[in-house]
Each structure stands twice: as structure tokens, then as C-alpha cells.
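Me: Could you take a close look at one part of this structure for me? I would like a connected picture of a single strand and its surroundings in the sheet.

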Amino acid sequence: MLGLIARSIIHRPVRNGALILAFAFIAASLFSGHYLLAGASDSVKSEIAKLGADLIVVPANYTADSEAVLLRGEPSTFFFDNSVVPRIRNVSGVEQVEPQIFIASLTASCCSLPVQLIAIDPTQDFTIAPWLEQKREKPLGPDEIIVGSKIVAGGGTNLNFFGHSFIVAGKLDPTGTGLDTSIFLRTDDAYKMANDSQLNAVKPLILPQGVASAVLVRVNDAAEATNVSYRIVDQVPGTRVLTSSALVTTVSDQLAGITRILDLSALVATLVSLPLIALISLMVANERRREIGVLRALGATRSMIFRLILGESVIIAAIGGIIGIGASWIILVMFQSYISVMTRIPLSIPAVSSLVSISILTFVITVAVGGLAALYPAVRSALMEPYEAIRSGEL
Amino acid sequence: MVLDKKKQSHIPAGILILLGVLVVLTPWFIFPVCEIKGTSDTGMTDMNMNPGTHMKCWYTAEAETGVGALIILTGVALLALPGRVSRKTAGIIGGILGLIVILVPTVLVGVCSTPDAPCRIGTLPALLLLGAVIVITGIYLALSKETVAAGPN
């Protein structure tokens, strides 16, 4: 049976090639939309996980800026009074807090564009410390910095910010988010840098004492994170809490347009190709009346004929589906950074489990479309009487 | 329907010409390389560059224009002289040129090292993809038999 189907497919290379392309297009549109969505949300989740925090508390009037820093690495400088830190620590359910200061650099020798400097307090830090331990590095020393993966500077390189010289002590792994273009330094060094900038920098850095830009919070019970975030907003006025799920929602909303277009094009392609494929299958079945008649005369059952016609369409759809999924997979991985920069959305390669489920879902839908289109021609061919079929096929 | 000798060469020749045109257009128009005000190989801005010099990716773009032109020429030659020997020769030459399309931005010349540079995130993957398709087309041409019977369409 399979041999018969294979020969029949090879026998009509141009028509079947076109059908395979149509199915490949449907599969590629479906796969791409869901790949982008999964890649973006995985990327955001990995960012929060990399920061080691459950919640990030930011000044209420700088929510958009903080999202831009975290998601896209768009440098920004903003503060609130760090008197909020002990108040956040006192909120029930909070286990650990870490204040960070965000400073946008001036154009530096390492980088063509300003980068985000993030000042951390090594005594309270839980963001960089675990990473340093994992890499068996010493704690961050005076004037030492840790750079994101996209900063072109190796270990031991000197980098100058606001007229203050730093030594690169290590490089973070890529995350596909704003962390990749960030530089971590000690809060003490940030204040020294601000002092030096009065003399050495083109534009001095004004860094008031007792400020923080964001407070990273670890909660006792991760399941309680949302309730803790409500309590923080309630008890510490002027703050806004960013959670992993809220950031994922922000990114999903940004991506909604693109995924909708891709899903819509898959739907349009399906709606257009469904009757077209049905028509082509019907034409083929009509052309093959004689062949079907002979097969029936030789003892082929109605169900065999039905499976023959249906099988051909399903196999063509399956080949198209595999080509579509494979091609879009290769293109999306190769152009990942390009898509990320163009759409200004953090993107990483989705987890294997989500990739497999997206691929299977796309494949099943594509094959189902193929099967659906061939259903009527298959039934019609199966119901044909052998004598009638041979006779009408001769005409 | 059996495709005659001429028609058998028409399709791959057309594909070669199209791919050659894409190789020429990609680094300038489709996925343009870094502009002079962009980031250079060292990540420095062009302030530090001598006037008249270009970044690495610029030379890649120039080299790819030449290679693309040769691929177009191979396609045109195959179109003008269809036949078994021509197909094989065009296949081998096309395959080698496809490899060069891949090697220019990766080994022979390279692109800027800044991770987010336009030439690295756009031009490089596009050229790799085009190069791979050209190599596959070349292999197909070099190995395919002359008379493949095609059924009714």
C-alpha cells in the first residue's frame, strides 16, 4: 500500500511539489508564531530566575523604564529613597531583599551605545553571588565588574565609566534579555565613580546618597509571591512590583500582533488551500478512475481504495509539515538575534519540551488538514463500481 | 510528460541565477552590513577609524557581490549551454561558489565582532542560509541524472 502511494506521489512531481509547499507554508506560519511566544516567555522567566528574585520592587512612576531595563536592556537612571528597603523587609512573607542602583553609562570605549550599570551591595547580594560561587570566583573586589554576555571585553580588561577605571572580573552567560548588555559593580564603587565624574567625565554623574532603583525580593514561599506583592504595594506607597508572570504578560502583549498575524496567515492559508487541495485530490481521483477500477477488479476492497486516496494526501501533508517546521526552525534559530532586535522583545531558544510540543501540535494540525481535504474524494473513489470506473476512465 | 534536456536545465539554472542575485543584494539591501557610523571589529565607534577605511563586514559585502555575480554567470551559462556535461560542471562550480559564500563571512573575511551588529545578526545568517541552498543546488545538479521522466502534472 505504501509503495503504491509513494509511486503515485513521485509520478506527479510538480503538482505534489506545489501541494507540499502549501502544507509547508501552513506549518511554518503556525510553528513560527508559537515558537516566538515560547521563546519570549522562556527568556523573561530565565531573566527573573537569573536574578534569583521572586519579585522586583521599582518606583511606581518608573515602571516603564524598569521594564525597559530588564526586558530590552535600554539603559536608564532612576531612583527612589532607599528608606523603602527596611519597610519592604518588614512585609510578612519577605525572606531577603537586595537594593540595586541603575545607572545609564555614557558612551564607553567597550561599547558603541550606553550600557546599563547596576550597582549591587555585596553584603546583601543574592544575584551575582551564586553565579560567582558556581564559577569558583572570588567575591567582587574594589573596582571589579561583572559584564553581560554582549559586552565586548574579556576578563582582566580595563573599562572606563564616568572617568573611573574598572577591571572586568567575569562575564555572565547569555540570557537573551537586558542582562546581556548590563554591567554589575559594587555600590561603593558607584559612589566613587560619581565623585570621579565631577572631575574626569564629560557629563558628571549625580548619584544622591541613600537611593535605590530597584529592590529585589525573595519570598519565603514562592506560591505566596503574588500575595506578598500585593502586601508590598499596600504597605509601601510609591512602589510597583514586577513579577515574572507580569513581565511575561507584558512581552506576550507586545508579541500579540506578530503572533496574531502569523496565526491568521496560517488560518487563511488553510482556508484557501483546504478546498484547493480537496479539488486537486478530486481531480487526481477522477484521473485515476481506471486505475482504481482495475484495482477494485483485482480484489481491492472499498476501504483499501479509501485508504489509498486518504493516505496519499496525508503523506503529502506530513512531508510538507516536516519541511515547514524544519525550515522555520532553522531560520528562527539563525535569525534569533535579528528578530529580537527588530521586535525589541527578549528572545531565547525555547525549552526542548515546549519546542517538541509546538512541533507535534503543528504537525498534527497540518496532517489533519491534509486528511480533511482528501476525505470527500476518498469516499467518492471508494464508492465507485469497478466496471463503471474502468469504463468512464477510458472516455 | 517527459521534460526535455533544455527544460531539465532551465529550472536549476533559474534557481542559480535567483540565488546569485540574492547573494549580491543581501549585504547591501536585504540585510545590509553595518553602516560606517556603526560598530567596527573592535567594537569602537568610527571616530577612531582612519578616513577611507571600512569595517570588516564592508569587505565581506564587496566579496559576496563578486561571488554572487559568478553564481549568476554560472546560471546563465547553464541556461545557454544545456547538456549533461554543462549540468555537472555548473553543479561543481555552483557548489564551490556556495561554499565560498559561506566561507567569506565566517573564515575568509569575517564580520564585526559586536554581538548586536547588524552584519552579525542579519547579513551573516542570511548569507549562510543562501550559501547552504546554493551548495545543495550544486550537489543536485552535479549528481542528477539527465533524463528524469516526469509524470502528468
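Reply:

**Strand 8 and its sheet**

Strand 4 (116-120) and strand 8 (182-186) of chain A run parallel and are joined by five bridges. Before going further, a word on conventions: this is a predicted model, in which local features need pLDDT of at least 70 and side-chain atom pairs count only at pLDDT 80 or more, while totals for chains, interfaces and linings use all residues. Residues are numbered from 1 along each chain as its sequence is written, and chains are lettered from A and ligands numbered from 1 in the order in which they are written. Helices (H or I, at least four residues) and strands (E, at least two) are DSSP runs, numbered from the N terminus, and two strands pair if DSSP finds at least two bridges between them.

Within the parallel pairing, A:I120 stands opposite A:R186 of strand 8 of chain A. Strand 5 (residues 144-147) of chain A also pairs with strand 8 of chain A, here in the antiparallel sense and through two bridges. In that pairing, A:V147 has A:I183 of strand 8 of chain A as its bridge partner.

Now for the wider sheet. It is an open sheet of nine strands in chain A, with mixed pairing and the order 6-7-5-8-4-3-10-1-11. Strand 6 (158-161) and strand 11 (239-243) of chain A each have a single partner strand, so they stand at the edges with one side left without a neighbour in the sheet. From one strand to the next, the twist averages 35°. At one edge, strand 6 of chain A pairs with strand 7 (residues 164-171) of chain A in the antiparallel sense over four bridges, and A:N160 stands opposite A:S165 of strand 7 of chain A.

Back to strand 8 of chain A: how many of its residues are buried? Five of its five are (buried means 20 or more other C-beta atoms within 10 Å of a residue's own, exposed 12 or fewer, and partly exposed in between, with C-beta atoms placed from the backbone). Both faces are covered, with A:S182, A:F184 and A:R186 buried on one side and A:I183 and A:L185 buried on the other. In a regular strand the side chains alternate between the two faces of the sheet.

Helix 6 (residues 187-200) of chain A lies across several strands, among them strand 8 of chain A, to which it runs at about 95°. Such angles run from 0 to 180 degrees between N-to-C directions, with axes fitted to C-alpha atoms, for helices over the stretch in contact; contact means C-beta atoms, placed from the backbone, within 7 Å.

Methods:
Contact = placed C-beta atoms within 7 Å.
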